[in-house]
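User: I am new to this structure and would like to understand the reasons behind some of the terms used for it. Please take me through them step by step.

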Amino acid sequence: MASVQELENLRNEATCSICLEFYTDPVTIDCGHNFCRDCILQCWGTGQESVSCPQCRQQIPQRGVRPNRTLSNMVESVQRLSLNPRLEEVGIQCEEHEEKLKLFCETDQRAICVVCAMSRDHKDHTVIPIKEAAELHKQKLQKALETLQKQLDAMSHCQREEGAAQLEVKRQAEHLRKNIDAEFAKRHQLLTEEQRDLITKLRQQEEAILGQIENN
């Protein structure tokens with residue numbers, strides 16, 4: 001018969017860290033972590049070239065996911081074990097009082113039985129049904145994922161705005177560069193024409209002076 005810890009370990013291995021349920025169509029991403037296909041694709045969202053693993057935060061340059069058939073078979077086995085009444089009873093028993101773990105102590109952040117809840121150790125603690133605690137945890141995780149997604153979207157938007165600003169600066173700089181080149185070209189043309197006029201006048205004066213000298 002499976003022990004409490006063994007059954008709990010099997011359940012943890014068969015549970016998606018995003019939805020906290022047994023894997024459905026499990027897939028593996030580049031960092032090696034596993035998720036439900038729908039969970040990881042929904043977590044990544046759309047419109048981002050680079051994404052990260054929600055568990056280890058490693059950057060995933062490509063969105064490829066690989067089906068994990070071995071894990072899928074293991075999940076089916078764990079689900080069958082969980083449906084066994086005797087194993088289910090063993091798996092959720094309090095080791096101290098041999099009562100089912102139906103409650104969750106929010107103060108100590110662990111599952112407890114009814115006897116534990118009435119004991120001195122948990123007398124003044126906040127205790128709620130374990131199913132309610134699981135649902136609250138799922139909601140908190142979902143909100144955290146939504147917040148993370150918003151932050152990623154905001155970063156992507158800022159990057160797009162920065163890219164547009166850089167293009168505008170380059171465009172204005174190129175426009176100014178062309179204006180400067182055109183202005184100096186005009187000035188160069190004017191100076192060249194003025195140079196020619198001065199040289200022509202100089203030659204005329206030179207010829208006039210030489211003519212006067214010859215006549216004298």
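**Reasons behind the terms**

Analyst: Gladly; please keep in mind throughout that this is a predicted model. A good place to begin is strand S1, residues 26–28, which runs antiparallel to S2 and is joined to S2 by three bridges.

User: What makes S1 and S2 count as paired strands?

Analyst: Two strands pair if there are at least two bridges between them, and three bridges join S1 to S2, so the two count as paired. Within this pair, threonine 28 stands opposite asparagine 34 of S2.

User: Why are S2 and S5 called edge strands?

Analyst: The open sheet consists of three strands in the order S2-S1-S5, with antiparallel pairing. Strand S2 (34–36) and strand S5 (66–67) each pair on one side only, and these are the edge strands. Helix H2, residues 37–44, lies across S1, S2 and S5, and runs at about 90 degrees to S2.

User: Why is serine 52 called buried or exposed?

Analyst: Buried means under 20% relative accessible area, and serine 52, at 15% relative accessibility, therefore counts as buried. Serine 52 belongs to strand S3 (residues 51–52) and, leaving aside residues up to four places away in sequence, touches Trp44, Arg57, Gln58, Gln59 and Ile60.

User: How do you know whether methionine 118 is buried or exposed?

Analyst: Exposed means over 50%, and because methionine 118 has 64% relative accessibility, methionine 118 counts as exposed. Methionine 118 lies in helix H5, residues 114–118, and forms a nonpolar surface patch with Val114 and Val115, with about 270 Å² of accessible area together.

How values were computed:
Residues are numbered from 1 along each chain as its sequence is written. This is a predicted model: local features need pLDDT of at least 70, side-chain atom pairs count only at pLDDT 80 or more; totals for chains, interfaces and linings use all residues. Side-chain values use heavy atoms; hydrogens and water are left out. Patches are made of residues with over 30% relative accessible area and no salt bridge: like charges are joined within 9 Å, nonpolar side chains (Val, Leu, Ile, Met, Phe, Trp, Tyr) within 5 Å. Accessible areas come from the Shrake-Rupley method with a 1.4 Å probe; for residues, only the protein chains shown count as cover. A salt bridge is a side-chain nitrogen of Lys or Arg within 4 Å of a carboxyl oxygen of Asp or Glu. Helices (H or I, at least four residues) and strands (E, at least two) are DSSP runs, numbered from the N terminus. Buried means under 20% relative accessible area, exposed over 50%, partly exposed in between (1.4 Å probe, protein chains only). Contact means heavy atoms within 4.5 Å. Axes are lines fitted to C-alpha atoms, for helices over the stretch in contact, and angles run from 0 to 180 degrees between N-to-C directions.
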